[in-house]
Amino acid sequence: MTENDQGNVPSRQRKRFPGISSRAYEHPADRSALVALRKLSGFDTVFKALSGLLPERSLRLLFLSDSVRVSDAQFSHLNDMLRDACYILDLEKVPPMYVAQDPKPNAMCIGLDEPIIVVTTGLVELLDEEEMRAVVGHEVGHALSGHAVYRTILLFLTGLALKVAWIPLGNVAIMAIVTALREWFRKSELSADRAGLLVGQDVQASMRGLMKIAGGNHLHEMNVDAFLAQADEYEKSGDLRDSVLKILNVLPRSHPFTTVRAAELKKWSENRDFQRIMDGHYPKRSEDKDTSVTDSFRESAGHYADTVRTSKDPLLKLVGDIAGGAGDLAGGAGDLAGDLGGRLRSRFGSGQGPQKPDAGKDGTGGAPDGQSAG
């Protein structure tokens, strides 16, 4: 970043994080995937070869010709936010940013060689300055993490899947990759939300922005606590059928549900890891090359185990209960699978409709259909 850029300090005093590594704010599942890819021999070469197939040049020309490039002369307030975000996260090269005419509020960071940021007019008109600052920080976080590369590939493969849908089984293989990329990208969005909070350093502004994306510009009709309560209700409500429906609902999405994002960000903002970053204790970019893939995967696995253990979702609670008692199952993995199958059958029933478990079975007493016993 040039001396002139560094002189463009935020309008209110915010902490800066010199040399910060994206590992500081990345979600464990996102981080483990990225560390593994960065360590993969020949990874850069493969994607440089693949870049010839991807429409990156076409996208750049499209935005240059049919959108408004942010600068000191155009959308100068967004340009200030962009430079501030890069200054705070210590991103040396400020990526080009465009405003595209689209009433739907959206933003993205794409590109293989160099990232570009695009925000829609719907988003610019919806958010106030502090809310928008968090969004710009979100996109700069994507750029710092290198997410733009995979987002570009995801966009390309999604379009390719539509083109080859008529080929027998051709769409199946591509959609399997797309589904896996979407699962990773949903986690990367949680990472970028954290980067947005590090840039804006105002959790209420981040919450307001997510609420507006969900419910429009009607803040006087909304309440942060009630909005977060929706996320809690979404996680713990219903029975096993609802758990399956939640999975099916989220599979085609590139982003997590908005209430879930808000709850995840609020939880992280109250975590000691966030406070340590704010106090100046965080991983540095200079240490990235020494990062252990094994340690990253272990942390990711630990995160998922903790999620299963503490989740209020009926399916994850059932998995956690069974996993917790796995050591007591004499038959090992076979009995574990059989126990899971038996419990699922008891919840759903073996016929056309769900059945109620018999009261007194297992000594736990029965529960109304759709509720967990005990």
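With 41% relative accessibility, Ala229 counts as partly exposed, since values between 20% and 50% fall in that class. The model in which this residue sits is a predicted one, and within it Ala229 belongs to helix 11, which covers residues 224-236. Although Thr259 lies 30 residues away from Ala229 along the chain, the C-alpha atoms of the two are separated by 8.6 Å.

From this helix we can turn to a pair of others. Helix 7, made of residues 129-145, and helix 10, made of residues 203-215, have axes that come within 8 Å and cross at roughly 90°, which means that helix 7 is roughly perpendicular to helix 10. On the side of helix 7 the contact is made by Glu130, Glu131 and Ala134, while helix 10 contributes Ala205, Ser206, Arg208, Gly209 and Lys212. Sorted by the character of their residues, the participants in this contact of helix 7 with helix 10 comprise 4 charged, 2 polar and 2 nonpolar.

The strands offer another kind of arrangement to follow. In strand 3, which spans residues 107-110, Ala107 and Cys109 point one way whereas Met108 and Ile110 point the other way, and all of them are buried. Strand 3 pairs with strand 4, residues 116-120, in the antiparallel sense over 4 bridges, and in this pairing Cys109 stands opposite Ile117 of strand 4. The two strands, 3 and 4, form a hairpin with 5 residues between them, and in its turn Gly111 has a positive phi of about 125°.

Definitions and conventions
Residues numbered from 1 in each chain as written. Predicted model: local features only at pLDDT ≥ 70, side-chain atom pairs only at ≥ 80, totals over all residues. Heavy atoms only, no water. Buried < 20%, exposed > 50% of the residue type's maximum accessible area, 1.4 Å probe, protein only. Axes fitted to C-alpha atoms, helices over the stretch in contact; angles between N-to-C directions. Parallel < 35°, antiparallel > 145°, perpendicular 65-115°, else oblique. Contact = heavy atoms within 4.5 Å. Nonpolar A, V, L, I, M, F, W, Y, C, P; charged D, E, K, R; others polar. Pairing = 2+ DSSP bridges.
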